[in-house]
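Me: Could you take a close look at one pocket for me, the second largest one, and tell me what lines it? Throw in whatever you have on the ligand too.

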Amino acid sequence: MQIQENKPLDKLNTFGLSVSAQYFAEVNSVDEFRELMQTTVYKNNHKLILGGGSNILFTGEVNGLVVKNSIKGISVVSETETEVIVKANAGELWHEFVLWCIERNYAGIENLSLIPGLVGAAPMQNIGAYGVEIKDVFQELEAIDKETGELVKFNLNDCEFGYRESVFKHKHKNKFFITSVSFKLTKLSSPKAIYKFKTDYGDIKNTLSEMQVYDFSIKAVSDAVIKIRNSKLPNPKELGNAGSFFKNPSINKELFEELVLKYPVMPSFPQKDGSLKIPAGWLIEQCGWKGKVVGNTGSHKSQALVLVNYGNATGNEIWNLALEIQKSVKEKFGIEIMPEVNVV
Ligand code: EPU
């Protein structure tokens, strides 16, 4: 394990921003992380844990130590006739892990196909797409306390998952280095397994019928999700971006009733607590941002919620655009949209 200085992070953030880390270390095992903890660089500097860099906006050079999690490995921990507990180490690519499960007919995360990033980052914000969140199949995770070096286990309750939220963004912010995540999945190969594919969200059903799939399989659902994502979300390898820049806001019934009189076509999704979730992409589009290019940045033409780097953008340029967008949504609708990406 080596500590590098002034390490360029261009290839390590999906916005493709040209920034450097003052110190940088890549960790391949729990022992390597503990070894790193003994160094003076670790002891004397602020630490930033980096996964796939797919949900982060760097607004300047990064002071302190950036730790890249590269702990690899996927294994079956236990199984019954119908269920399997699979443990994936935090440095695995999320989509590679999804494919690993699909190959073995382990169902539960096929709707989360093609989400960029690493397994270890998935629980941080309870990644979700097309009607599934990881909390639905989460078993437990292991993480190292960044101060004591102790390996701690977190079960579902400990993680306090919410919409793009977990305890690791609040009470335990910056306190743990996640090393592995375990999931409880359904063995579709078992005749006794009971499982229903989640195909109700958005275009999944239409896409499956366009693909002429009538007998659903885990692979077919994954392929449909991949097709939808590819049609809406720009590939970070071709156009720098970090997926949804903002979270979808929830508003109370009073504000909803006021707004729906003015905007009868406003999409809304009622929540269990009585509030309504409004797609931030719709709000941003209504403010005229969709497809708009501002300098080196802009809101994507197929999904207004995604901010992109057209080549030479700086993090500050993207952040300034985000603030402009946030302001205009607030002015037009009285709704405050909050970033989903981590701004550092
Ligand atoms: N919409 C617009 N204009 C747009 C974009 C969206 O009007 O430019 C409206 C449409 O009414 C559409 C609705 O928003 O029906 C929902 O759009 P979409 O299905 O694309 O989903 P989203 O709410 O914009 C969320 C997640 C995505 C996830 C999709 C699919 C958040 C912040 N984003 O987006 O996650 O892939 O649902 O489940 O919750 C991410 O987190 O980075 C991400 C891409």
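Reply: Sure. The second largest pocket holds about 900 Å³ of space, where a volume is the space filled by probe spheres set on grid points joined across faces, edges and corners. Pocket here means, on a 1 Å grid over the protein atoms alone, an open set of points where a 1.4 Å probe fits, with protein on both sides within 12 Å along at least five of seven lines; lining residues have an atom within 4 Å of a point.

Keep in mind that this is a predicted model: local features need pLDDT of at least 70, side-chain atom pairs count only at pLDDT 80 or more, and totals for chains, interfaces and linings use all residues. Residues are numbered from 1 along each chain as its sequence is written, and side-chain values use heavy atoms, with hydrogens and water left out.

The lining runs to 37 residues, and nearest the centre sit Thr-14, Pro-116, Asn-235, Pro-236 and Lys-237. Helix H3 (94-103), helix H6 (218-232) and strand E14 (240-244) each chip in at least two lining residues; these are DSSP runs numbered from the N terminus, at least four residues (H or I) for helices and at least two (E) for strands. By class, you get 13 nonpolar, 16 polar and eight charged residues, with Ala, Val, Leu, Ile, Met, Phe, Trp, Tyr, Cys and Pro as nonpolar, Asp, Glu, Lys and Arg as charged, and the others, Gly among them, as polar.

Now the ligand. Its oxygen atoms make polar contacts (N or O pairs within 3.5 Å): one lies 2.6 Å from a polar backbone atom of Tyr-130, and an oxygen is 3.1 Å from a side-chain N or O of Lys-290.

How values were computed
A polar contact is a pair of N or O atoms within 3.5 Å; within protein, one must be able to donate a hydrogen and the other to accept it, and residues adjacent in sequence count only if both atoms are side-chain atoms.
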